Amino acid sequence: MEALRFYAPHDARLEDIPEPACGEGEIKIRVKNCSACGTDLKTFRNGHREMTPVTTMGHEIAGEIVEIGRDVGGDWEVGDRVQSIAAVPCGDCYECAKNWPSLCQNQKLVGFWYDGGFAEYMIVPAAVLDADGLNRIPDGVGFAEASAAEPLACALNAQEQLGIEENDVVVVFGAGPIGCMHVRIARGVYGAGKVIMVNRNPDRMAIAADLVKPDVTIDSSATDVVAEVMALTGGRGADVIITATPSGKNQEQAVAMAARNGRISFFGGLPKDSPTITLDSNLVHYRQLHIHGANASAPAQHRKAMEYIATGQLPVADLITKHVPLAEAEGIFDALASGQDIKVTVEP
């Protein structure tokens, strides 16, 4: 079968490899869609601490069951349409015992530790099944939409920490798929009042804004973002700020524009060679700010994401603006880097 395999930074190859065999505690799926994200691009450029070369990439996975190992429990059947988690908790550590599976200290990642979904077939590991991490796709939800449940679950994980209330002013840095999802969650789940999208690429932001319709957009390449947010809020600042970008500057701006009792999510990780920022600690102190990290998602958040997609409360199909056949998968990194599309999905 064909698979996109990671060898080293800037070395990912579409290769013919043996079709994987299904173990006794595993499920084998025919991949129908595996979507790509910024983490895939960062991994292609820089590698990843969890990558175990040589590994098939791809972690936003939806497909159809073709084989079930004899030791697999449950009522799975060949032909079931399924979606898989990407971050696999161990179930045994302190964090898992506290029901913090996204923070599992022994977490393994599909598409990094385990072979992923940029392939014709994929093995769902026993660890995914043990974590209740394989989900049936509801009727009416397509495979491409289902593959977007993974990033949507990550965005849900972040916003569950922020206490967004009706009429809150929410600022989202980023006009990629995650930024778009954050706009929709803040409004569609929590009823935020005014949602402001910020991006330094006005062309990309125009595409995103046309889809998710934030109340205000700010071109950070041409505007003092902090001053603009302060002006838009009568000098009070934003109640919630989400930095869905790998930018330390955006994180610093988030603190500077936060209102009293403001909640901030540092959603996007920073480059490993520039992981620090400078902020005014007195703003955190006197405004009583709350700064949150956000890492991966829990299996239950995948199921919640799928429910939101199925009901239409959080649509994702329109965010997938480029469909790439597996035979052309080596080109997805250029597509991701160009910023011309919101979300890219690979279709074996």
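**Exercise 1. Two helix pairs**

Task: In this predicted model, find how the axes of helix α8 and helix α9 are placed: how close do they come, and at what angle do they cross?

Solution. Start by locating the two helices: α8 covers residues 225-232 and α9 covers residues 248-257. Next, look at their axes, which come within 9 Å and cross at roughly 30 degrees. Angles under 35 degrees count as roughly parallel, so α8 is roughly parallel to α9. Finally, check the hand: the crossing of α8 and α9 is right-handed.

Task: Now try the same steps on helix α6 and helix α7: which angle do their axes make, and what is the hand of the crossing?

Solution. Helix α6 spans residues 177-188, and helix α7 spans residues 202-212. Their axes come within 10 Å, with a crossing at roughly 30 degrees. That angle makes α6 roughly parallel to α7. As for the hand, α6 and α7 cross in the right-handed sense.

**Exercise 2. A sheet of three strands**

Task: Work out in which order the strands of the open sheet stand, and why β2 and β4 each have one side without a neighbour.

Solution. Begin with the order, which is β2-β1-β4, with antiparallel pairing. Now look at the edges: β2 (11-16) and β4 (55-56) stand there, each with a single partner strand, so one side of each is left without a neighbour in the sheet.

Then take the pairings one by one. Strand β1, residues 2-8, runs antiparallel to β2 and is joined to it by six bridges. You can follow this pairing residue by residue: Leu-4 stands opposite Leu-14 in β2, and Ala-8 has Asp-11 of β2 as its bridge partner. Between β1 and β4, the antiparallel pairing runs over two bridges. Here Phe-6 has Thr-55 in β4 as its bridge partner.

Last, go to the turn. β1 and β2 form a hairpin with two residues between them. His-10 lies in that turn and has a positive phi of about 65 degrees.

**Exercise 3. Backbone details in two loops**

Task: Which peptide bond is cis at Val-54, and where does Val-54 lie?

Solution. The cis bond joins Pro-53 and Val-54, with omega about -5 degrees. To place it, note that Val-54 is in the loop between α1 (38-46) and β4.

Task: What is the phi of Asp-132, and in which loop is this residue?

Solution. Asp-132 has a phi near 55 degrees, a positive value in a residue other than glycine. Its loop runs between α3 and β10 (134-136).

**Exercise 4. The second largest pocket**

Task: Describe the second largest pocket: what is its volume, and which residues are closest to its centre?

Solution. First comes the volume, about 400 Å³. Next, the lining has 22 residues, of which Asn-99, Trp-100, Pro-101, Ser-102 and Ala-298 are the closest to the centre. Two elements, α3 (126-130) and α11 (299-311), give two or more residues to this lining. The largest share, four residues, comes from α11. To finish, sort the lining by type: 12 residues are nonpolar, eight are polar and two are charged.

Conventions
Residues numbered from 1 in each chain as written. Predicted model: local features only at pLDDT ≥ 70, side-chain atom pairs only at ≥ 80, totals over all residues. Heavy atoms only, no water. Pairing = 2+ DSSP bridges. 1 Å grid on protein atoms, 1.4 Å probe; cavity = no way out; pocket = protein on both sides within 12 Å on 5 of 7 lines; lining within 4 Å. Points joined across faces, edges and corners; volume = space filled by probe spheres on them. Nonpolar A, V, L, I, M, F, W, Y, C, P; charged D, E, K, R; others polar. Axes fitted to C-alpha atoms, helices over the stretch in contact; angles between N-to-C directions. Parallel < 35°, antiparallel > 145°, perpendicular 65-115°, else oblique. Left-handed = near helix turned anticlockwise from the far one by under 90°.
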